[in-house]
Amino acid sequence: MVKLNKIYTRTGDDGTTGLVSGPRRLKSDLRVEAYGTVDETNSVIGLARLHTADQPDLDAMLARIQNDLFDLGADLAAPDTGEPLEYEPLRIIDKQVQRIEQEIDALNATLDPLRSFILPGGSPAAAWLHLARTVARRAERHMVELSKREGETVSRAAVEYINRLSDFLFVAARHTNDGGKADILWVPGKNR
């Protein structure tokens, strides 16, 4: 269990932060950027949830995802170095990826097929969900880049989860736009 009595520690005043597994990294380090962007995604989902109370099934899905995103942040903050740890680090698992896939399929089954790209917007919930989607894609880019760096690891399940999340957020945005009926369609070359 996490217990925070004091919010500031001054240990980051030198521009570093501690990973869960112990070592300190620069706050500009790509791993810190990755889990910071996951946290940013979570915050935007929190804003979207201000507009999903009237959709309890979707709101419950988003609440589960917010919890999963803390799991993902913990996963990224405890890189697998192969060194023994005094604890078992929290990791994203396949079951979490499978659940989000099932939720994508359930929401998507209620939508008409897309015949055009859509512009972010429509309802307030959809606008926030589209923003969360783009932030999740940025987190994914950071995670993939991190996974390709020598000496760094990011689990397959973690990358799969963040990839599915942006798909989920897209479908959820359409779902909140009156099942896609209030989607704003892109009209190529409209303003030429």
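**Exercise 1. Find the strand that holds Leu 119, then work out how open this residue is and what surface patch it joins.**

Step 1. Leu 119 sits in strand β3, residues 118–119. Helices (H or I, at least four residues) and strands (E, at least two) are DSSP runs, numbered from the N terminus.

Step 2. We're looking at a predicted model, where local features need pLDDT of at least 70, side-chain atom pairs count only at pLDDT 80 or more, and totals for chains, interfaces and linings use all residues. Residues are numbered from 1 along each chain as its sequence is written, and side-chain values use heavy atoms, with hydrogens and water left out.

Step 3. Leu 119 counts as partly exposed because its relative accessibility is 36%. The scale: buried is under 20% relative accessible area, exposed is over 50%, and partly exposed is in between (1.4 Å probe, protein chains only).

Step 4. Together with Phe 117, Ile 184 and Trp 186, Leu 119 makes a nonpolar surface patch of about 410 Å². Patch residues have over 30% relative accessible area and no salt bridge (a side-chain nitrogen of Lys or Arg within 4 Å of a carboxyl oxygen of Asp or Glu). Like charges are joined within 9 Å, and nonpolar side chains (Val, Leu, Ile, Met, Phe, Trp, Tyr) within 5 Å.

**Exercise 2. Place Asp 178 and check its backbone angle.**

Step 1. Look in the loop between α5 (156–176) and β4 (184–185): that's where Asp 178 is.

Step 2. Its phi is near 55°, a positive value in a residue other than glycine.

Step 3. Asp 178 has 52% relative accessibility, so it counts as exposed.

**Exercise 3. Locate Pro 23 and give its distance to Ala 77.**

Step 1. Pro 23 lies in the loop between β1 and β2 (24–26).

Step 2. With a relative accessible area of 40%, Pro 23 is partly exposed.

Step 3. From C-alpha to C-alpha, Pro 23 and Ala 77 are 10.0 Å apart in space, though 54 residues apart in sequence.

**Exercise 4. Do likewise for Arg 141 and Val 159.**

Step 1. Arg 141 belongs to helix α4, residues 124–148.

Step 2. Arg 141 is exposed because its relative accessible area is 53%.

Step 3. Val 159 is 18 residues away from Arg 141 in sequence and 9.4 Å away in space, C-alpha to C-alpha.

Note on methods: Accessible areas come from the Shrake-Rupley method with a 1.4 Å probe; for residues, only the protein chains shown count as cover.
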